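User: Please take a close look at one part of this model, the aromatic cluster and what surrounds it. I would like a connected account rather than a list.

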Amino acid sequence: MPAAPVAHALGNIDLKQIQAFLTVVECGGFGAAQGALNVSPSRLSSMISDLERRLGLRLCQRGRVGFRLTERGEEVYRAAQRLVAGIEAFRSDVSVLGGRLVGNLAFGMVDNIISNPANHLPVVLSRYGERAREVHITMHIDAPHELEQKVLDGRLDLAIGAFHHTLPGIAYRALFLEEQTLYCGPAHPLFERAPDGISTEDVLAVPYAGRGYMEDRRPLRLKASARSFSMEGLALLVLSGRFIAYLPSHYAAPWVARGGMRPIRPKKLSYQSLFEVAVKKGGAQTPALQAFLEELYAAHAAPKHEARRRA
């Protein structure tokens, strides 16, 4: 591909091409990005090819070998992130001058917290929606470590989850607690045992399904013989009758009520997880993000015995 002076080419670049490039990278390839952008395969390929031609750089490898960024492509990706963030900040700053909240808010959280009575996010979103009618909200569900990484690299403005390994580039603030309880299903050998008849040795002797994160908080050091990063996956493993697993008490409650699960020594083996909001340290917060955080903090009184501020 003939090289072109990048500075000269930048003036001709359509922002839609840059956004398309960002979407391809964040979706992990062209196939998933087509649906996200609602464009045809040929149109998306043309947009990326045109961007490469204008920059005079090969940005990615694609084809039978799969999608992969080139070294220059990774640099352009980071620069494109900064460009889009700068444009968003400009839009937000200018809108404030007119007394409006506009722009985008990328919000991430872990799965299946909606039934936790201590979680007041529906109220937060309702109040925020009235206050910021012109802000477009994008919600992402992911594991805690993935959420933290997306906050650090700017793909998320904030994230909510149980973060047990703090990162130096992130500021955390306590929101609410979630009880974690060990469960088994009806076909499990411990299901019909009297609560007082289940010993620690009995628990350690049966197959355990781990969550993939939060394992350091368990009262017992259980060795996982299966693993899932989602609550639904763990629930399926429990319902199989083969495994025991920790689930949020509020999430397991419907199965417990109809006899599909039972807790195992809850007074001894249950524990509390602290849920926090994570935002990037030192980053310029848009008015849209600031307004959301105000509503979030107003709706959640931090748990007193675990209300930590982590520097």
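Analyst: What follows starts with the whole chain, goes on to the cluster and its core, and ends with the charged pairs.

This is a predicted model, in which local features need pLDDT of at least 70 and side-chain atom pairs count only at pLDDT 80 or more, while totals for chains, interfaces and linings use all residues. Residues are numbered from 1 along each chain as its sequence is written, and side-chain values use heavy atoms, with hydrogens and water left out.

The protein chain has twelve helices and twelve strands; these are DSSP runs numbered from the N terminus, with helices (H or I) of at least four residues and strands (E) of at least two. Of its 311 residues, 46% count as buried. Buried means under 20% relative accessible area, exposed means over 50%, and partly exposed lies in between, with a 1.4 Å probe and protein chains only. Contact means heavy atoms within 4.5 Å. Among contacts between residues at least 6 apart in sequence, 71% join residues at least 24 apart.

The cluster itself consists of Phe-107, Tyr-128 and Phe-292. Rings of Phe, Tyr and Trp (its six-membered ring) pair if their centres lie within 6.5 Å; planes under 30 degrees apart count as stacked, over 60 as edge-to-face and the rest as tilted. By this rule the count comes to seven aromatic pairs. One of them joins Phe-107 and Phe-292 in a tilted arrangement, with 5.3 Å centre to centre and 50° between the planes. Phe-107 belongs to strand E3 (residues 102–109) and Phe-292 to helix H12 (residues 287–299), so this pair ties together parts that are 185 residues apart in sequence. Both rings belong to buried residues: Phe-107 has 1% relative accessibility, and Phe-292 has 0%.

Tyr-128, the third member of the cluster, touches several residues beyond its neighbours within four places in sequence: Leu-105, Val-135, Ile-137, Ala-288, Ala-291, Phe-292 and Glu-295.

The cluster can next be placed in its nonpolar surroundings. A nonpolar core is a set of buried Ala, Val, Leu, Ile, Met, Phe, Trp, Tyr and Cys residues joined through side-chain atoms within 4.5 Å. The largest such core has 35 residues, of which Tyr-128, Leu-158, Ile-160, Val-277, Phe-292 and Leu-296 touch the most other members. Two or more residues each come from E3, helix H6 (121–131), helix H7 (144–152), strand E5 (158–161), strand E6 (170–184), strand E11 (271–280) and H12. The most come from H12, which gives seven residues. Apart from this core lies another, of 20 residues, including Ala-20, Val-25, Cys-60 and Val-76. In soluble globular proteins, nonpolar side chains tend to be buried together.

Charged residues also come into the picture. A salt bridge is a side-chain nitrogen of Lys or Arg within 4 Å of a carboxyl oxygen of Asp or Glu, and by this rule the count comes to nine. Glu-295, one of the residues in contact with Tyr-128, forms a salt bridge with Arg-131 at 3.2 Å, N to O. This pair links distant parts of the chain, with Glu-295 in helix H12 and Arg-131 in helix H6, 164 residues apart. Glu-295 counts as buried at 13% relative accessibility, whereas Arg-131 is partly exposed at 39%.

Helix H7, which contributes to the largest core, spans residues 144–152. Lys-150 forms a salt bridge with Asp-142, the closest N and O atoms being 2.8 Å apart. Lys-150 is buried, at 15% relative accessibility, and Asp-142 is partly exposed, with a relative accessible area of 23%.

A further charged group concerns a ring. Arg-173 lies over the face of Tyr-297, at 3.7 Å from the ring centre; the rule asks for NZ of Lys or CZ of Arg within 6 Å of the ring centre and within 35 degrees of the ring normal.

One more salt bridge joins Arg-155 and Asp-153, at 2.7 Å, N to O. Arg-155 is partly exposed at 29% relative accessibility, and Asp-153 is partly exposed at 25%. Gln-81, in helix H5 (residues 71–97), touches both of these residues along with Leu-22 and Glu-26, not counting residues up to four places away in sequence. At 18% relative accessibility, Gln-81 counts as buried.
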